[in-house]
Amino acid sequence: MMKNSTIARLIRYGGRTAVCYLILIATALLCDEVNAQSPADFYKGKTVEFYIGYSAGGAYDLYARMISRHIGRHIPGNPQVVVKNMEGAGSQRLANWLYAAAPKDGTVFGATSRAMAFDPLLGSKTAQYDAARFNWIGSANDEVSVCVASHTSGVTKWEDVLTRELAIGSTGTGDDTYQFPRFVNNALGSKFKIITGYPGGNDVSFAMERGEVSGRCGWSWSSIKATRMNWYEQKIIHVLMQFSLAKHADLPHVPLITDLAKDDEQRQVFKLIFARQVMGRPYVAPPDVPPARVETLRKAFMETMADKDFLAEAVRAKFEITPVAGDKLTALVADIYKFPPAIAEKAGAMVK
């Protein structure tokens, strides 16, 4: 540290340039001091805000709230974790905010759609972020999603929607509930009529109950098991198709979207679209968070996934937990962005 006499001489003889120089030095020293803080010292007494990109009551919300009740014990310093909802545009509103405006000190992270990382690659104009710059914390499961039709719709199997229109609800163009059925329409000639504007998946389910729509696509099988399994068991819904890179063990009889690809190029396009399923319930922090705090949050997340109290709650709630670590999500995003531009352009056109 400079002595006071040295500082005084610089200010007296160096003028404005010296003052600017001193400000830079002071800022650097302050940053060094902040970054040198241990995670426990930093988080002690803090409040960590956990944002959810959907309305309350749906599976994204319920998963995140369950995690919030346990993750604070695994963050050094044991900060309070507060949950907030910021729904809109299939969680793109939250993603844009996390990227551009959220605090970048490790006190904020969020639950977004699994489509979020892929939207810029697929040409979304509302995705105002670089997915590779986010700090991926982890995913609660490696997901399989499905498309279902109400028993009152007259649609009972996948082949029916090749000749009959099925009205389905969606949370927005940036979400699986829009992109998956839109993709199937363009790739395979199905006749899904997509009704957008619902704030969350739970709202789509209520719309099915009211008869506003007759189905839902891009619906996580784990969510059905947790919130609407009686619909499946009582045949209130028929499962038409599953979306992932491999079938779920519960659904060996239901067609898998990637098995319906017609040639090698289409198989590449299908893989680009449905690789997102690996990050079934992703959690992400803003860019530029100090690396030590990112690692702290990642470690806390994976410890939560193995926490016996957390797992007991997940069993009671009938939530699947097949965690994927943050560094693996980071690698997945990097690999997907290596796809040939022509394939990405074609895939993007097919989800619009």
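These are my notebook entries on a sheet, a disulfide, a pocket and two cavities in a predicted model.

**Entry 1: the sheet**

I began with the strands and looked up how they are arranged. Five of them form an open sheet with mixed pairing, and reading across it I wrote down the order S7-S6-S8-S5-S9. Strand S7 (192-195) and S9 stand at the edges and have a single partner strand each, so one side of each is left without a neighbour in the sheet. I also noted the twist: on average, and with direction ignored, neighbouring strands of this sheet are turned by 30 degrees against each other.

**Entry 2: the edge strand S9**

Next I turned to S9, which covers residues 237-243, and asked how many of its seven residues are buried. The result is six of the seven, and I therefore entered this strand as mostly covered, where buried means under 20% relative accessible area. Its pairing with strand S5 (residues 145-150) came next: the two run antiparallel and are joined by six bridges. I traced two places along this pairing, where Ser 150 stands opposite Ile 237 in S9, and where Ser 145 has Phe 243 in S9 as its bridge partner.

**Entry 3: the disulfide**

Staying with S5, I looked for disulfides and found that the structure holds one. Which two residues form this disulfide? They are Cys 147 and Cys 217, with their sulfur atoms 1.8 Å apart. Cys 147 belongs to strand S5 and Cys 217 to strand S8 (residues 215-220), so the pair ties together parts that are 70 residues apart in sequence. I checked the surroundings of both cysteines as well, and Cys 147 and Cys 217 are each buried.

**Entry 4: the largest pocket**

I then looked at the largest pocket, which holds about 220 Å³ of space. Which element gives the largest share of its lining? It is S9, the source of four residues, and I could pick out Ile 237, His 238, Val 239 and Leu 240 among the lining residues. Others that I noted in the lining include Trp 158, Tyr 232, Lys 235 and His 253. Sorted by class, the lining of this pocket has seven nonpolar, three polar and two charged residues.

**Entry 5: the largest cavity**

A search of the whole structure gave me two cavities of 30 Å³ or more. The largest cavity has a volume of about 160 Å³, and of the 19 residues that line it, those closest to its centre are Tyr 60, Asp 175, Gly 201, Arg 216 and Arg 281. Helix H3 (59-71), helix H5 (176-188) and S8 are the elements that give two or more residues to this lining, and S8 gives the most, with four. By class I recorded four nonpolar, nine polar and six charged residues in the lining of the largest cavity.

**Entry 6: the second largest cavity**

The second largest cavity encloses about 50 Å³ of space, and among the residues that line it I found Gly 57, Asn 202, Trp 219 and Thr 227. Gly 201 and Arg 216 are in this lining too, and I had already met both of them close to the centre of the largest cavity. Helix H6 (201-210), S8 and helix H7 (221-227) each supply at least two residues of the lining, while the largest share, three residues, comes from H6. The lining of the second largest cavity divides into two nonpolar, seven polar and two charged residues.

Note on methods:
Residues are numbered from 1 along each chain as its sequence is written. This is a predicted model: local features need pLDDT of at least 70, side-chain atom pairs count only at pLDDT 80 or more; totals for chains, interfaces and linings use all residues. Side-chain values use heavy atoms; hydrogens and water are left out. Buried means under 20% relative accessible area, exposed over 50%, partly exposed in between (1.4 Å probe, protein chains only). Two strands pair if DSSP finds at least two bridges between them. A disulfide is a pair of cysteine sulfur atoms within 2.5 Å. On a 1 Å grid over the protein atoms alone, a cavity is a set of points where a 1.4 Å probe fits but cannot get out, and a pocket is an open set with protein on both sides within 12 Å along at least five of seven lines; lining residues have an atom within 4 Å of a point. Grid points are joined across faces, edges and corners, and a volume is the space filled by probe spheres set on the points. Ala, Val, Leu, Ile, Met, Phe, Trp, Tyr, Cys and Pro count as nonpolar, Asp, Glu, Lys and Arg as charged, and the others, Gly among them, as polar. Axes are lines fitted to C-alpha atoms, for helices over the stretch in contact, and angles run from 0 to 180 degrees between N-to-C directions.
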